[in-house]
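Thanks for asking me to look this one over. Here are my notes, point by point, to read alongside the model.

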Amino acid sequence: MATSQEILEALADYQEQCNSNARLRRMQKDWTKRLHFRGTDTDDWFTMVVVEGEITEFSAGAEGVPDIVVHATSEDLCDMFWGDLNPSQKYLRGEILVKASPEDVMRLDAITMIIWPS
Amino acid sequence: MTQLRKAVGLPTVIATSSGLALATVSLTADVQIGLGMPGAAGWMAVLAAGLISVLASWCFAELVGMFPTAAGIKLFIEKAFGEKAALICATLYVGITVLIVGSESYVLAAVLHYAFPAVHQAWWVFGFLTLMALVNLRGISITGIAQDVATYGMVLAVGGLAAWALLRPGAPPIPTPFELGSGFGFAQAVALGVFLYLGFEWVTPLAEEVTDFRLIPKGMLWSLAILAFVYGALHIGMMTMVPKEQLAASAIPHVLFGEAALGRFGLVAMAAVSALASITSFNAGLLTASRFLYAMARDWAAPRFLTRLHPDWATPWAAILALYGLCSAMAVAVLTSGAFKLFIFLGAAIECMIFVVMALSVLRLRRTMPDLVREFRVPGGTLVPWVVAVLYSLLFVLVFVPDPAHPADHGAQLGALVTLGVVALAVVAYVQWVVPWLRKKAAPAGGQKRRRRPGG
């Protein structure tokens with residue numbers, strides 16, 4: 001089980017990886033969304049704001065009305081943000097649940113695909 | 001649970017479900033199902049197929065209530081019968097659905113060529129396929145209000161035209177609307193009638209977007225009712241206004257009906273309905289199939305190049321182009337052979353198959369995961385899933401049984417059976433040998449990967 005602090009550290013790294021990736025920034029330049037993440041085992045919530053492809057802020061708690069909600073175990077969230085886990089595989093097995101439009105699900109997966117291609 | 005900013009409501013669930021099933025080739029198939037029945041009595045087979053589809057929709061609703069994800073059908077089967085079975089069934093289902101595109105584009109091209117003869121049919125086929133591929137490549141999907149307008153517009157146009165043709169002063173009498181004919185003829189008509197509803201269940205991925213999960217089963221129910229009305233009314237209209245022999249020999253019977261009912265205006269109206277029907281169903285179909293292919297590649301179950309994304313639009317361009325190639329090849333095959341009816345039989349069979357698999361999944365998961373929360377439970381214990389499994393198994397067989405009264409269809413039935421067999425064997429071989437090879441190839445890279453998480 002990952003703590004809230006561990007997930008926030010993972011999110012900080014994720015923000016750095018995403019924002020410094022020129023290819024990803026180009027691809028997501030028209031993507032502005034508010035995301036909520038929930039650790040299903042801890043019931044911890046996190047908010048991330050993406051503005052034109054740039055992660056501008058993230059924080060603990062569910063703030064504002066989201067465009068996308070991701071439900072996963074705290075361990076999976078942490079591993080996902082560190083790039084140690086292929087979220088597509090977990091999603092296809094129903095272990096990660098996403099509430100969003102198909103386009104946004106695709107965009108979400110594209111981020112991981114670009115910054116951690118393997 | 002927090003609500004999404006843009007959540008989907010009931011009208012859009014209904015429109016999406018109906019729009020996916022309402023394709024141009026379905027309008028053609030609407031005639032096909034009535035050929036073995038007297039007069040215009042085929043509407044009863046349309047209705048019967050719709051009614052039993054309600055039972056199948058309940059099975060889908062129970063499964064999607066347990067696993068509300070766009071990964072849908074593959075996931076349901078995987079939870080019930082394991083990954084190999086899931087890969088085989090889902091790939092076969094999506095693959096056959098893609099093959100039907102050849103027939104869809106052929107019929108649409110025939111419609112447009114009939115309305116605008118100056119443009120050759122082949123140009124319409126490739127123009128349509130290319131347009132759809134580009135739209136998908138650009139990431140444009142027909143959703144929300146656009147889907148609502150398109151679907152309800154088609155329903156009103158077809159329903160209105162049929163009502164005008166049948167109810168106006170001096171309208172011809174409906175030929176034998178209540179005479180069932182032979183039991184075999186009716187049963188086979190119901191089996192083919194399943195094709196008319198093909199795709200209504202593709203609405204289940206909307207479980208990720210709805211305000212309330214119960215909108216999915218409710219939406220599917222309304223959608224089936226609307227489809228039954230549209231196909232039933234159109235069937236009666238066509239059988240009343242156009243000689244049966246002429247309808248049977250045509251790829252565009254609905255256009256002949258439009259022309260017979262309202263002249264040039266009716267012809268153009270039905271051509272517009274066809275174009276809209278093809279665009280909505282094909283757009284969603286290509287979107288779903290390309291994402292399915294992409295997801296398989298991400299899961300190392302398909303070649304890795306299929307994960308390639310467009311640098312600006314984040315769309316899986318390699319998967320879209322691969323499907324575009326396959327659809328074009330199918331379109332050429334249908335265009336040169338004219339064998340579009342084969343795909344009606346094939347579509348009906350694959351839909352029956354997937355309903356059987358879904359019903360068996362419900363039964364299996366009731367035993368293996370009895371405590372998992374079910375947002376919707378099929379009423380009547382295990383009776384309904386058993387009825388669905390047995391009934392659709394019988395209908396599956398009936399699709400291929402030759403009707404002595406219609407020797408002209410025997411070739412199409414045999415062709416459908418052979419195609420299904422060949423594709424099924426290819427899919428089984430792929431899952432049995434190619435997927436493990438792809439994953440084995442991927443394993444060393446994954447195994448050597450250093451974890452980035454501190455202390456992980």
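1. Let me begin where the two chains meet, keeping in mind that this is a predicted model. On the chain B side, 33 residues are in contact with 36 residues of chain A. Contact here rests on C-beta atoms, placed from the backbone, lying within 7 Å.

2. Which elements of chain B give two or more residues to the side that touches chain A? They are α4 (72-81), α11 (253-298) and α15 (410-448) of chain B. The top contributor is α11(B), which gives 4 residues to that side.

3. You may like the make-up of this side of chain B as well: 14 of its residues are charged, 12 are nonpolar and 7 are polar.

4. Now to the sheet in chain A. It is open and built from 5 strands, in the order β3-β2-β1-β4-β5, with mixed pairing. At its edges sit β3 (54-60) and β5 (97-99) of chain A, each of which pairs on one side only. On average, neighbouring strands of the sheet are turned by 15° against each other, direction ignored.

5. One strand pair is worth a look in your viewer. In chain A, β1 (residues 33-39) and β4 (residues 68-72) pair in the parallel sense, over 5 bridges. Within β4(A), V70(A) is the residue that stands opposite F37(A).

6. Finally, where does helix α1 (residues 4-19) of chain A lie? This helix lies across β2 (45-51) and β3 of chain A, and runs at about 175° to β3(A). That same β3(A) is one of the edge strands of the sheet.

Definitions and conventions
Residues are numbered from 1 along each chain as its sequence is written. Chains are lettered from A and ligands numbered from 1 in the order in which they are written. This is a predicted model: local features need pLDDT of at least 70, side-chain atom pairs count only at pLDDT 80 or more; totals for chains, interfaces and linings use all residues. Two residues are in contact if their C-beta atoms, placed from the backbone, lie within 7 Å. Ala, Val, Leu, Ile, Met, Phe, Trp, Tyr, Cys and Pro count as nonpolar, Asp, Glu, Lys and Arg as charged, and the others, Gly among them, as polar. Two strands pair if DSSP finds at least two bridges between them. Axes are lines fitted to C-alpha atoms, for helices over the stretch in contact, and angles run from 0 to 180 degrees between N-to-C directions.
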